[in-house]
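Here is a short tour of a structure, from a few unusual backbone spots out to the chain as a whole and its partner. Please keep the 3D view open while you read.

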Protein chains: 2
Amino acid sequence: MNAPATPGIVLDAVDTPALIVELDAFERNLARLAESIAGRGVRLRAHAKTHKCAEIARRQVAAGAIGVCCQKVSEAEAMVAGGIADVLVSNEVVGERKLARLAALARHARLGVCVDDAGNVRALSAAARRAETELDVYVEVDVGAGRCGVAPGEPAVALARAIVAAPGLSFAGLQAYQGSAQHLRSVTERREAIGRAAGAVRATRSALEAAGIACPTVTGAGSGSYPYEIESGAWNEIQCGSYIFMDADYARNEWTAPLPRFEHALFVLSTVMSRPAPERAVLDAGLKASSVDSGLPVVWNREGLRYARASDEHGVLEIAPGARAPALGEKLLLVPGHCDPTANLYDWYVCVRGGVVEDLWPISARGALY
Amino acid sequence: MNAPATPGIVLDAVDTPALIVELDAFERNLARLAESIAGRGVRLRAHAKTHKCAEIARRQVAAGAIGVCCQKVSEAEAMVAGGIADVLVSNEVVGERKLARLAALARHARLGVCVDDAGNVRALSAAARRAETELDVYVEVDVGAGRCGVAPGEPAVALARAIVAAPGLSFAGLQAYQGSAQHLRSVTERREAIGRAAGAVRATRSALEAAGIACPTVTGAGSGSYPYEIESGAWNEIQCGSYIFMDADYARNEWTAPLPRFEHALFVLSTVMSRPAPERAVLDAGLKASSVDSGLPVVWNREGLRYARASDEHGVLEIAPGARAPALGEKLLLVPGHCDPTANLYDWYVCVRGGVVEDLWPISARGALY
């Protein structure tokens with residue numbers, strides 16, 4: 001795909017819609033997370049599903065992450081191809097074709113995967129043996145999200161036993177991610193949800209211990225809650241992803257210490273393509289330029305302009321009385337409602353510093369669904 | 001991107017998530033639209049924003065369409081590269097870089113574009129002169145959608161005059177699309193909205209006539225309303241797009257004659273990747289596999305299974321008591337809520353007939369935002 005910019009041009013010359021990374025804010029976010037976990041006894045395994053970009057993954061590793069996690073085998077392939085040596089597919093992988101790819105990939109990097117089913121453990125083991133590789137396998141425990149995962153305690157132990165017994169697999173620990181807690185608005189609600197999740201993790205670790213099964217790693221946590229996971233002492237690895245970009249939906253959360261103040265670093269640059277009425281402007285960025293699953297994009301740093309509705313290729317802005325109205329052709333920055341599915345719409349990050357394009361990073365796992 | 005299938009394999013062997021076109025239903029939809037407008041004095045200019053695929057555009061032309069419309073210059077480039085000789089960008093194009101590309105493209109195909117601003121007419125004219133090409137220019141009239149477009153009547157005439165006077169441009173008629181009418185649920189509401197739009201078109205045509213300006217084409221209409229546009233006699237070109245696929249949101253409309261009964265022809269094939277509880281299954285298709293802007297996907301032909309919530313890479317199915325529960329690894333078809341932004345998530349249409357993959361079509365304008 002043609003890129004919307006070349007290094008050296010000013011932001012205002014970038015073709016639109018384009019996905020912009022503000023490098024200063026992005027780098028501060030990387031540093032802030034690293035500082036916030038320094039000396040706390042946890043590793044960062046950054047979530048690459050947020051950005052789908054090996055360039056960003058390499059920077060996360062350079063800032064201290066031990067590797068990344070992914071949700072799809074094809075994402076893991078893109079990360080390994082981009083030089084990431086330690087990748088966890090923090091998700092169940094089902095189907096012979098995918099398992100064969102996963103097992104083959106373990107020739108090129110340390111590869112982990114999650115399970116919540118005994119039949120899947122057998123299938124994974126068969127794939128690993130066929131490929132003559134070894135996979136780290138984590139038992140996913142449902143710690144409150146109500147999505148995948150086995151119940152805490154004995155069901156997790158039974159699965160861990162099956163992994164320990166399976167050739168080609170090594171039991172690496174527990175995947176314990178309370179995803180539905182991340183967007184609970186108040187810090188009190190989030191802290192309580194993570195407290196309950198920590199109880200489930202402790203019960204499972206005790207049951208594993210009683211069964212004589214070592215549990216090297218408990219991995220989980222997201223950008224909206226990870227200090228609570230750390231406080232609990234139940235996790236030793238965190239999987240934050242959105243902290244690098246901070247979308248509009250995350251910003252609607254209450255953020256108080258110990259949560260660091262992450263900054264918006266991801267934007268959609270858009271052009272005013274129509275000024276049909278004094279109170280209305282139309283942008284060239286609609287549903288195909290910013291995912292609206294978690295709310296509409298928010299106009300950045302322009303008071304009185306509200307992104308009011310989206311259609312496929314249009315965004316309708318309401319201009320408040322007295323606000324400075326944008327001119328036809330003017331470019332505006334939007335903060336996307338949800339960074340992960342928005343990044344998945346683009347082929348390039350246009351990286352900007354001080355108003356000038358510094359670099360372009362290919363979104364190498366864009367559309368990597370398989 | 002790697003394709004999730006190869007021709008000749010059965011549907012159940014396709015890797016997931018994958019975007020499936022049921023060819024029989026797709027071809028019946030093509031034929032149904034053609035029959036419904038035969039002898040009615042209107043041309044079809046099929047909307048390629050729905051599918052973003054030159055293979056499909058060529059089939060639409062073979063079924064009688066005079067060409068396609070697009071929303072973006074980059075989509076038009078993909079269509080012209082794919083052999084489509086007559087393309088209308090049914091949208092305003094703003095910005096020097098885009099205008100230069102549009103004007104250059106007019107060397108290779110008949111190219112139209114819409115305007116709602118006099119300054120934009122001057123910029124278009126300059127671009128066409130620089131490229132030594134000619135552009136068909138349509139005045140977009142706001143016929144009730146409240147998005148882009150000038151008011152009906154005199155404002156449209158003033159702009160038409162400017163186009164007539166501008167070197168490199170030829171006034172081709174009116175763009176009059178009542179987009180917000182397409183999803184009004186009752187046929188009565190839709191018919192009334194199109195009735196009002198027709199009044200606006202007639203008033204504008206009369207004003208153009210009074211000004212001595214010929215108006216060769218009035219173009220607009222969508223899959224949810226086009227028989228009403230035809231009945232009104234005010235349009236001579238229609239821009240249906242979604243009729244080829246019929247998404248879940250369109251299916252929630254009331255459909256009575258003269259609207260033909262289009263069939264669902266686009267599906268997301270997904271795999272059950274977790275069966276954590278008797279009443280719950282988790283699919284491998286979430287927000288990055290099916291756009292949820294117009295509602296969640298709907299499970300196809302499996303009673304008692306409801307797609308209840310989506311996260312980035314997961315879809316949670318609720319299994320009703322007594323329903324046949326899907327097994328781990330089973331593949332299910334989903335009807336996407338909204339076809340256009342869903343197709344934009346994929347690189348390939350996997351074309352299936354009688355349960356066997358017949359062809360793979362690249363989604364050549366996927367991500368073509370510029």
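A:Pro258 is found in the loop between α9 (248–251) and β10 of chain A, where helices (H or I, at least four residues) and strands (E, at least two) are DSSP runs numbered from the N terminus. A cis peptide bond joins A:Ala257 to A:Pro258. A second proline, A:Pro17, sits in the segment before β1 (18–22), and the bond between A:Thr16 and A:Pro17 is cis too. Most peptide bonds are trans, and most residues other than glycine have a negative phi.

The model is predicted: local features need pLDDT of at least 70 and side-chain atom pairs count only at pLDDT 80 or more, while totals for chains, interfaces and linings use all residues. Residues are numbered from 1 along each chain as its sequence is written, chains are lettered from A and ligands numbered from 1 in the order in which they are written, and side-chain values use heavy atoms, with hydrogens and water left out.

Here are the backbone angles worth a look:

| Place | Angle |
|---|---|
| A:Thr16–A:Pro17 | omega about -5° |
| A:Ala257–A:Pro258 | omega about 10° |
| A:Met246 | phi near 55° |
| B:Met246 | phi near 55° |

A:Met246 lies in the loop between β9 (237–238) and α9. Its relative accessibility is 4%, so A:Met246 counts as buried (under 20% relative accessible area; exposed is over 50%, partly exposed in between, with a 1.4 Å probe and protein chains only). In chain B, B:Met246 is found in the loop between β9 (237–238) and α9 (248–251) and is buried at 3%.

Now to A:Glu279, in the loop between β10 (266–277) and β11 (280–283). Is A:Glu279 buried or partly exposed? With 43% relative accessibility, A:Glu279 counts as partly exposed. Beyond its neighbours within four places in sequence, A:Glu279 is in contact with A:Leu317, A:Glu318 and A:Ile319 (contact means heavy atoms within 4.5 Å).

Stepping back, chain A has 10 helices and 17 strands. Its radius of gyration, taken over C-alpha atoms, is 22 Å, close to the 21 Å that the globule rule gives for 370 residues, so chain A is as compact as a globular protein of that length (the rule is 2.2 Å times the number of residues to the power 0.38). Of those 370 residues, 63% count as buried.

Finally, 61 residues of chain A are in contact with 61 residues of chain B. A:Arg147, A:Lys288 and A:Tyr370 supply 15% of the area that chain A buries against chain B, more than any other three residues (buried area is the accessible area, with a 1.4 Å probe, that two parts lose on being put together, summed over both).
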